[in-house]
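Good morning, colleagues, and thank you for coming. Please look at the sequence and the structure on the screen while I go through them.

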Amino acid sequence: WSPDGTEIAFSSFEGEILVVSADGGTPQVVADFPGSEGGACWSPDGLSIAFESEGPEVELPYKVWIVSRDGVGLPWGEPIQLTDFECRHPLWFPDGTSLLCMRERVMVKVATASGEVLGSYDSPPELSRFGTHRFSPDGTRHYFIAADETDWFGVWWMPVEGGDPTRVVALDDPALNPDRNSLSVGPEHFYFTVDESESDIRVVDLEW
């Protein structure tokens, strides 16, 4: 959702980044390179979207790109590459001047105006298989879904400046698989989706 709640940014199976009105209508493509794009994240002012992409040359690893506009309802410009190194799952800081992205197991803070690396810290060594991360509304906590040493998933938080992780939800039911890219954090709640593994047994007659 855009910060003002009027638009939704999403990625398609074809690898595009699109924006659509929250009231419905025809989605507008704002980034469409030959390869894959994903992880769309709105800037706090709703005028830019950061995303991860292979870029126009379809070069791995994924890097962070930004597409912007001058005002709500105005045309989107061309995407601009922000990082020249691998970084995924971009997340804007509340002040809009920098974003956080993940480079292997390192959280990197990058200036949104220049791409300059402002700082970094290692992700907790006991956790793996990270997905989308989100800040708390006051910008002091960093929430994410990850797996622990036993390979069970959970929802965790860390101080924004780094530190020890705290698990707030244990997803220890083997039939429930969390979508690591669905986490959303509100003032008093956070939300994520899970899929429940199910199967049917079918019987057919065979002709010999």
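Let me begin with a definition: a residue is called buried when its relative accessible area is under 20%, exposed when that area is over 50%, and partly exposed in between. I should also say at once that what you see is a predicted model.

The definition applies directly to S2, in the segment before β1. S2 has a relative accessible area of 5%, and because buried means under 20%, S2 counts as buried. The side chain of S2 also makes a polar contact of 2.7 Å with the side chain of D4.

Now to the chain as a whole. There are 19 strands and 0 helices in its secondary structure. Of its 208 residues, 43% are buried. The C-alpha trace extends over about 65 × 45 × 35 Å along the principal axes.

I turn to the sheets, beginning with the one that contains β1. As a general reminder, strands of a sheet pair through backbone hydrogen bonds, in either a parallel or an antiparallel manner. Here, 3 strands in the order β1-β2-β3 make up an open sheet, and their pairing is antiparallel. Which strands stand at the edges? They are β1, residues 7–11, and β3, residues 28–31; each has a single partner strand, so one side of each lacks a neighbour in the sheet. From one strand to the next, the twist averages 30°. Between β1 and β2, the latter covering residues 17–21, there are 5 bridges, and the two strands run antiparallel. One residue pair to locate on the screen is F10 with its bridge partner L18 in β2.

A second open sheet has 4 strands, ordered β12-β13-β14-β15, again with antiparallel pairing. Its edges are β12 and β15, the latter at residues 166–171; each of these has a single partner strand, and therefore one side of each is without a neighbour in the sheet. The twist in this sheet averages 20° from one strand to the next. Within it, 5 bridges hold the antiparallel pairing of β14 with β15. There, G154 is found opposite A170 in β15.

Let me add one hairpin, that of β10 and β11. Strand β10, residues 106–111, pairs with strand β11, residues 117–122, in the antiparallel sense, and 5 bridges join them. V106 has D122 in β11 as its bridge partner. There are 5 residues between the strands of this hairpin, and G115 adopts a positive phi near 80°.

Next, the charged pairs. In general, side chains of opposite charge can pair when their charged atoms come close. How many salt bridges does the structure hold? The structure holds 5 salt bridges, and I shall discuss some of them.

One is formed by R69 and E7, with 2.7 Å between the closest N and O atoms. This pair connects distant parts of the chain, as R69 lies in the loop between β6 (63–68) and β7 (80–81) and E7 in strand β1, 62 residues apart. Both R69 and E7 are buried.

Another is formed by D151 and R129, whose closest N and O atoms are 2.8 Å apart. This pair, too, links distant parts of the chain: D151 belongs to the loop between β13 (141–147) and β14 (153–159), R129 to the loop between β11 and β12 (133–135), and the two are 22 residues apart. Are these residues buried or partly exposed? D151 has a relative accessibility of 42% and so counts as partly exposed. R129, with a relative accessible area of 40%, is likewise partly exposed.

A further salt bridge joins R202 and D200, where the closest N and O atoms are 3.9 Å apart. R202 is exposed, at 71% relative accessibility. D200 is exposed as well, with a relative accessible area of 64%.

Finally, consider the nonpolar surface. V204, L206 and W208 make a nonpolar surface patch of about 490 Å². Among these residues, W208 lies in the segment after β19, which covers residues 194–196. Why is W208 classed as exposed? Its relative accessibility is 93%, and because exposed means over 50%, W208 falls in that class.

That concludes my presentation. Thank you for your attention.

Terms used:
Residues numbered from 1 in each chain as written. Predicted model: local features only at pLDDT ≥ 70, side-chain atom pairs only at ≥ 80, totals over all residues. Heavy atoms only, no water. Pairing = 2+ DSSP bridges. Axes fitted to C-alpha atoms, helices over the stretch in contact; angles between N-to-C directions. Patch = residues over 30% accessible without salt bridge, like charges linked within 9 Å, V, L, I, M, F, W, Y side chains within 5 Å. Areas by Shrake-Rupley, 256 points an atom, 1.4 Å probe, with all protein chains shown as cover. Salt bridge = Lys/Arg side-chain N within 4 Å of Asp/Glu carboxyl O. Buried < 20%, exposed > 50% of the residue type's maximum accessible area, 1.4 Å probe, protein only. Polar contact = N/O pair within 3.5 Å; in protein donor to acceptor, adjacent residues only side chain to side chain.
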